[in-house]
Amino acid sequence: MVSFKELGLVNTREMFAKAVKGGYAIPAFNFNTMEQMQAIVQAAVETKSPVIMQVSKGARNYANATILRYMAQGAVEYAKELGCANPQIVLHLDHGDTFELCKDCIDMGFSSVMIDGSSLPYEDNIALSKKVVEYAHQHDVTVEAELGVLAGVEDEVSSAVSHYTKPEEVIDFSQRTGCDSLAISIGTSHGAYKFTPEQCTRDPKTGKLVPPPLAFDVLHEIEKKLPGFPIVLHGSSSVPQEEVDTINKFGGKLPDAVGIPEEQLREASKSAVCKINIDSDSRLAMTAAIRKYLAENPSHFDPRQYLKPARENMKKMYIHKIVNVLGSNDKL
Ligand code: G3H
Ligand code: 13P
Ligand code: ZN
């Protein structure tokens, strides 16, 4: 058993309280590789932003849970080396689906876990989330639970359709589970195809797809029921068109990929939404840079040659999100 405090990590309690009060959101970036970790830390340090580094079950399977945990510990030391005296870094389990997985992460030094019981019947979601909260709080680890279902398909997260969170359930759910933050469903979804072309309209000038707006009425209802309570948005990548275009130009095939417009995320960040999850945009930034580099330098085969621009491109994207969308810069 190792406490996150020994690793220099922090939980989300104070971070979220400040974010809700200050009208900004903390970036929660998924990571699977060293380059993503480096880019996240560099971006957070340069912008003086708190940051959540999150690990999915798929990431644990890909990279090994122990390695990821040591990478997060390394992230804290790296941030200090880059000149940040007091880094505020959370190591978070993304979409934990069992008590055992959450316990395993808590026992190995995670400072925050998500228990995602959103696909379970309401009472079963409460029972599972409560069990995780009881164990986590013994170790001062904070817990995100989820109510409402996001549409979208990822390796470990899948549902064909979304069901918005019901505002009338949130008080009962948060009180009975004791969760520290609540992930809600208001129209975001996972992956680079968040909406079908049929769900969108087309911009007559550019011909690009314009997605339907998020359900801000549902968010505001939830905020009224739970004033000041930390709300989380999953599936919040914007799927930047320039990255999609680069991927398609250099041999990729991502037709009609579409994400959440950044203006809407900016608006959400000013509300009780205090954690915004971004994974797909990092994947797109990395893939676009690698495809471009290899197409332009066909004789190169040293991974450092193409991973360096990939890391730079991800860092640029992380800084953009922090400064221009979430507003978490200059908070350390
Ligand atoms: O919400 C899902 C995250 O993007 C993680 O995806 O399960 O493919 O690692 P993954
Ligand atoms: P995106 O697929 O929109 O990046 O969402 C990531 C996420 O919600 C991770 O939990
Ligand atoms: Zn998610």
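Q: Let me start with one residue in this predicted model. Does Thr177 count as buried or exposed, and why?

A: The way to read this is to count C-beta atoms around the residue, with 20 or more inside 10 Å taken as buried. Thr177 has 24 C-beta neighbours inside 10 Å, and therefore counts as buried. You will find Thr177 in helix α7, which covers residues 170-177.

Q: Which residues is Thr177 in contact with, once its neighbours within four places in sequence are left aside?

A: Thr177 is in contact with Ile126, Ser129, Lys130, Val133 and Ala145, leaving aside neighbours within four places in sequence. For a distance to set beside these contacts, take Phe99: Thr177 and Phe99 are 78 residues apart in sequence, and their C-alpha atoms are 14 Å apart in space.

Q: Now the whole chain. How many helices and strands does it have?

A: There are 12 helices and 12 strands in the chain. Its C-alpha trace spans about 60 × 50 × 35 Å along the principal axes.

Q: What does the radius of gyration say about a chain of 332 residues?

A: Here you compare a value with an expectation. A compact globule of 332 residues would have a radius of gyration near 20 Å, and the chain has 19 Å, so the two agree. Two other numbers add to the picture. Buried residues make up 49% of the 332 residues. Among contacts between residues at least 6 apart in sequence, 74% join residues at least 24 apart.

Q: How do I read a strand, say β3: which strands are joined to it by bridges?

A: Look at the partners and at the sense of the pairing. Strand β2 (residues 51-56) runs parallel to β3, and 6 bridges join them. Within that pairing, Gln54 stands opposite His92 in β3. Strand β4 (residues 112-115) also runs parallel to β3, joined by 3 bridges, with Gly96 standing opposite Ile115 in β4.

Q: What do β3, helix α5 and β4 make together?

A: They make a right-handed β-α-β unit, with helix α5 at residues 99-107.

Q: Why is β3 described as largely enclosed?

A: Because 8 of the 8 residues of β3 are buried, the strand is largely enclosed by the rest of the structure.

Q: Which way do the side chains of β8 point?

A: For a strand, ask which residues share a face. In β8 (residues 181-184), Ser181 and Ala183 point one way, Leu182 and Ile184 point the other way, and all are buried. For its partners, β8 pairs in the parallel sense with strand β5 (residues 142-147) over 4 bridges, and the bridge partner of Glu146 in β8 is Ala183. Another 3 bridges join β8 to strand β11 (residues 231-233), again running parallel. There, Ile184 has Leu233 as its bridge partner in β11.

Q: Let us turn to ligand 2. Which residues come nearest to it?

A: Start with the residues around the ligand, then ask where they sit and what kind they are. Of the 14 residues around ligand 2, the nearest are His234, Ser237, Asn277, Asp279 and Ser280. The elements giving two or more residues to this shell are β3 (89-96), β12 (273-278) and α11 (280-296). By kind, the shell divides into 1 nonpolar, 10 polar and 3 charged residues.

Q: Which residues other than glycine have a positive phi?

A: Two examples are worth finding in the structure. Val239 has a phi near 50 degrees and sits in the loop between β11 and α9 (241-249). Asp256 has a phi of about 60 degrees and lies in the loop between α9 and α10 (262-269).

Q: Are Val239 and Asp256 buried or exposed?

A: Use the neighbour count again. Val239 has 21 C-beta neighbours inside 10 Å and so counts as buried. Asp256 has 13 and so counts as partly exposed.

Q: And Phe301: where does it lie, and is it buried or exposed?

A: Phe301 lies in the loop between α11 and α12 (303-326). With 9 C-beta neighbours inside 10 Å, Phe301 counts as exposed. The C-alpha atoms of Phe301 and Ala285 are separated by 20 Å, with these positions 16 residues apart along the chain.

Terms used:
Residues are numbered from 1 along each chain as its sequence is written. Chains are lettered from A and ligands numbered from 1 in the order in which they are written. This is a predicted model: local features need pLDDT of at least 70, side-chain atom pairs count only at pLDDT 80 or more; totals for chains, interfaces and linings use all residues. A residue is near a molecule or strand if its C-beta atom, placed from the backbone, lies within 6 Å of it. Ala, Val, Leu, Ile, Met, Phe, Trp, Tyr, Cys and Pro count as nonpolar, Asp, Glu, Lys and Arg as charged, and the others, Gly among them, as polar. A residue is buried if 20 or more other C-beta atoms lie within 10 Å of its own, exposed if 12 or fewer, and partly exposed in between; C-beta atoms are placed from the backbone. Two strands pair if DSSP finds at least two bridges between them. A crossover is right-handed if, with the strands pointing away from the viewer, the path from the first strand over the helix to the second runs clockwise. The radius of gyration is taken over C-alpha atoms; the globule rule is 2.2 Å times the number of residues to the power 0.38. Two residues are in contact if their C-beta atoms, placed from the backbone, lie within 7 Å.
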